[in-house]
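Dear colleague,

I am passing on the structure we spoke about, and below it I have written out what was found in it. Please read the notes with the model open beside you.

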Amino acid sequence: VEPWLPLKAHTHEIEYAIGNKLRRFADIIYSGFQTRHFIDGCRWAVRAYDLALALHQKKKYDVILSRAFPEAAHLPAMKLAEKTNVPWIANWNDPWDFLRSGNISGNLRDNLSYVSYRFTRDVTRKASWHTFPGERLRKIMCSYLELSVINRSSAIPHIALPMHKKVTSKEKVKLFKLAWDI
């Protein structure tokens, strides 16, 4: 629906059979080894990576953007950036659950499972740049990530359409550009 209809040609959905318990288990093992991360969503991520790589081979990308949560959304981007050396921006849309719940203890490793911590550490180290929807969230989350992330990150406010206003594709919009030297 408008105003997102112009993006339809550039939107790709990942579909695959859920399968019975044995098939899912085998697929999780396969996908985990393929991605080197046994996180929720690794089955989707390995398929999204395969599609992204095929699309990149048709038309080379200048930059890779990913957003979390769920955390698996960063996984195909990380693999694609590793394979192609295309710069990757990891966007952290929301705080971790432990920050929302208030059950905070110590450092990031104390608050996440080992699997989630290991994955987050890889995203932290491998992304070229990190973005957050606000400066406050950026400072809080960077305090749990490696210290270097604060110097490789920006706050870019969420852009939201007013709920009371209908927008048509014919309306003029201001151009939003991202650029940086690597």
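The side chains of His130 and Trp92 are joined by a polar contact of 3.1 Å, and I suggest starting there, bearing in mind that this is a predicted model. His130 lies in strand 3, which runs over residues 129-132, and because its relative accessibility is 0%, His130 counts as buried. Leaving aside residues up to four places away in sequence, His130 touches Ala90, Trp92, Val123, Thr124, Val149, Arg152, Ser153 and Ser154.

Trp92, the partner in that contact, has a list of neighbours of its own. With residues up to four places away in sequence again left out, Trp92 touches several residues, among them Ala68, Phe69, His74, Thr120, Val123, Leu137 and Met141. Trp92 is also one of the three residues with the most contacts inside the largest nonpolar core, the other two being Trp88 and Trp96, and this core has 33 residues. Several elements give two or more residues to the core, including helix 2 (42-58), strand 1 (64-68), helix 3 (74-84), strand 2 (88-92) and helix 6 (114-126).

It may help to place these elements in the whole chain. The secondary structure comes to seven helices and four strands, and along the sequence they follow the pattern α-α-β-α-β-α-α-α-β-α-β. The chain has 182 residues, of which 36% count as buried, and its accessible surface comes to about 12600 Å², with 57% of that belonging to carbon and sulfur atoms. If one takes the contacts between residues at least 6 apart in sequence, 62% of them join residues at least 24 apart.

Helix 1 is a good element on which to practise. With 15 residues (21-35) at 1.5 Å a residue, helix 1 should span 21 Å, and its end C-alpha atoms are indeed 21 Å apart, so the two values agree. Which residues of helix 1 are buried? They are Asp27, Ser31, Gly32 and Thr35, and because they cover an arc of only 130 degrees around the axis, they sit on the same side of helix 1. These buried residues pack against helix 2 and helix 3, whereas Leu22, Phe25 and Phe33, on the other side of helix 1, are exposed. At the start of the helix, a side-chain oxygen of Asn20 comes to within 3.2 Å of the backbone nitrogen of Leu22.

Finally, some details of the backbone deserve a careful look. Arg36, which follows helix 1, lies in the loop between helix 1 and helix 2, and its phi is near 65 degrees, a positive value in a residue other than glycine. Asn85, in the loop between helix 3 and strand 2, also has a positive phi near 65 degrees. Are these residues buried, partly exposed or exposed? Arg36 has a relative accessible area of 42% and is therefore partly exposed, while Asn85, at 69%, is exposed.

Phe69 belongs to the loop between strand 1 and helix 3, and the peptide bond from Ala68 to Phe69 is cis, with omega near 25 degrees. The bond that joins Phe69 and Pro70 is a cis peptide bond as well, with omega about 15 degrees, and Pro70 is placed in the loop between strand 1 and helix 3. Phe69 also appears among the residues that Trp92 touches, which brings us back to the residue we began with.

With best wishes

Note on methods: Residues are numbered from 1 along each chain as its sequence is written. This is a predicted model: local features need pLDDT of at least 70, side-chain atom pairs count only at pLDDT 80 or more; totals for chains, interfaces and linings use all residues. Side-chain values use heavy atoms; hydrogens and water are left out. A nonpolar core is a set of buried Ala, Val, Leu, Ile, Met, Phe, Trp, Tyr and Cys residues joined through side-chain atoms within 4.5 Å. Buried means under 20% relative accessible area, exposed over 50%, partly exposed in between (1.4 Å probe, protein chains only). Contact means heavy atoms within 4.5 Å. The expected span of a helix is 1.5 Å times one less than its number of residues. The arc is that of the directions from the helix axis to the C-beta atoms. A polar contact is a pair of N or O atoms within 3.5 Å; within protein, one must be able to donate a hydrogen and the other to accept it, and residues adjacent in sequence count only if both atoms are side-chain atoms. Accessible areas come from the Shrake-Rupley method with a 1.4 Å probe; for residues, only the protein chains shown count as cover.
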